[in-house]
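Visitor: I'd like a close look at one part of this model, please: a piece of the strand pairing. Once that is clear, carry on from there into the side chains and the packing.

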Amino acid sequence: MVGSSQPETIGAAATAALLPSAVGILPSQALRALTLQGVIHSETPITDAQVQPASLDLRLGGVAYRMRASFLPGPDATVMEQVDAFSMHRFDLADGAVLEKGCVYIVPLLESLCLPPHMVGLANPKSSTGRLDVFTRLITDRSEYFDQVAAGYHGPLFIEISSRTFSIVVRRGLSLNQLRLQQGMAMQRGIGDDGGQPQLYGVPLTVDLAGDSRSPVAYRAHHHTDLLDLSRIGHYDPAEFWEVVRPDRRGQLVLNPGDFYLLASKEAVAVPADQAAEMRPYDTHVGEFRVHYAGFFDPGFGVAETGGDGSRAVLEIRSFEVPFALRHGQLIGRLIYEQLTERPDKLYGATIGSAYPRQGLALAKQFRRG
């Protein structure tokens, strides 16, 4: 266990990571220190498995609320005040419960925060969550934004869950999203091939639709499937949930409105050990579709040091109102790199049990791999 809910005295090195002069995303060792100090609080002890190189996996609490609508509480209300106003029913998650596709749920998380004035929080769905078309957003009391925790916030954390394609089974303690903490104004920059100079708008990523007749270029989710229990790893037959999409001779794929696709980037992605990266999800300038629900890449993703040399980004794509013809090599999004306050004491990869250390076009970890 990383720490209990009771604050303890921490050493000078860990305390230094909390100073306003340390600018950037906090690494794993700082996250552990924050649990000991009580900045990160939990109903049950935070485990080593939750602490990622530059993020913390957040866990579902014991109850869920079926909502009439999504919401943001705004500056004058708490989340639970809005839940009381808009919830349809409350149910227990201890032994597992079904979240129906197309419905909105609110779940209080086991973790809560007592942030200092110079620290903010940023949240993303976990990779497997996005690959299942499960839309999640972090909510805090008196907030006007999803997936952001204001500087100095003291209070509980909640997750909004809306599964778009599959009806899913979840239970208390399951992690669907992750939180990173940032001190000061972290510099965001792209790292590319332009003479080693940062790219102001991030590193462009394009889609791979070349492939060959034996390899899929995409997976398209079936509309009507059995339940998907998110706690079952390597359990499900992919054919029962996904259709394999082969490349066409023109290197194009027509996205059907309402369908959910998994594709891969043409480029390999590498995240240096002292940085993290985020993929910006949607830009109307590149097409009428949304790309990448789970857009966070931990330090060490795709680098040779961790055995991930050659890893590509998996792209979660849904078209909007009209069919859209996606072509091979089309710009699909941009990676924004963020500096860490220091190198983490663990890096993304097989040695820490990461699910996708050397990936191509990979389904979520709940599916069997042939």
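Guide: Let's start with what a pairing is: two strands count as paired if DSSP finds at least two bridges between them. Keep in mind that this is a predicted model. The part to zoom in on is an open sheet of three strands, in the order β6-β12-β17, with mixed pairing. The edge positions go to β6 (97-99) and β17 (228-229); each has a single partner strand, so one side of each is left without a neighbour in the sheet. Strand β12 (residues 168-170) runs parallel to β17, and two bridges hold that pairing. Given the threshold of at least two bridges, the β12 and β17 pairing with its two bridges meets the rule. For a residue to click on, try V169, which stands opposite D229 in β17.

Now zoom out a bit. The protein has four helices and 26 strands. Of its 370 residues, 55% are buried. If you take the contacts with a separation of 6 or more, 80% of them are between residues 24 or more positions apart.

Another strand to set beside that sheet is β21 (residues 275-280). Five of its six residues are buried, so β21 is largely enclosed by the rest of the structure. With β26 it pairs in the antiparallel sense, over six bridges. It also pairs with strand β23 (residues 296-297), again antiparallel, through two bridges. E278 shows up in both pairings: it stands opposite I336 in β26 and opposite F296 in β23. As background, strands of a sheet pair through backbone hydrogen bonds, either parallel or antiparallel.

On to the rings. A pair of aromatic rings is described by the distance of the centres and the angle of the planes. With the centres required to lie within 6.5 Å, the count is ten aromatic pairs. One of them is Y236 with F241, at 5.4 Å centre to centre and 75 degrees between the planes, which makes it edge-to-face. Both partners are buried: Y236 has a relative accessible area of 9%, and F241 has 1%. A second pair is W242 with F367, where the centres are 6.1 Å apart and the planes stand at 75 degrees, so this one is edge-to-face too. That pair links distant parts of the chain, since W242 is in strand β18 (residues 242-245), F367 is in the segment after β26 (331-339), and the two are 125 residues apart. These rings are tucked away as well: W242 comes out at 4% relative accessibility and F367 at 2%, and under 20% is what buried means here. Step back and you'll see ring pairs joining F166, Y219, Y236, F241, W242, F260 and F367 into a cluster.

V244 shares strand β18 with W242. The difference is in the burial: V244 is partly exposed, with a relative accessible area of 38%, whereas W242 is buried. V244 touches P216, A218 and Y219, leaving out residues up to four places away in sequence, and Y219 is one of the cluster rings. The C-alpha atoms of V244 and A221 are 8.9 Å apart, with their positions 23 residues apart along the chain.

One more stop, around β9 and β10. S143 is in the loop between β9 (134-140) and β10 (148-149). It may be a loop residue, but S143 counts as buried, at 8% relative accessibility. Its side chain reaches the backbone oxygen of Y145 at 2.8 Å. Leaving out residues up to four places away in sequence, S143 touches L72, P73, G74 and Q148. A ring and a charge meet in this stretch too: R137 lies over the face of F146, 3.7 Å from the ring centre.

And the cysteines? The disulfide count is zero. As for their surroundings, C103 counts as buried at 14% relative accessibility, while C114, at 34%, is partly exposed.

Key. Residues numbered from 1 in each chain as written. Predicted model: local features only at pLDDT ≥ 70, side-chain atom pairs only at ≥ 80, totals over all residues. Heavy atoms only, no water. Phe/Tyr/Trp six-rings, centres within 6.5 Å; stacked < 30°, edge-to-face > 60°. Buried < 20%, exposed > 50% of the residue type's maximum accessible area, 1.4 Å probe, protein only. Lys NZ or Arg CZ within 6 Å of the ring centre and 35° of its normal. Polar contact = N/O pair within 3.5 Å; in protein donor to acceptor, adjacent residues only side chain to side chain. Contact = heavy atoms within 4.5 Å. Disulfide = S-S within 2.5 Å.
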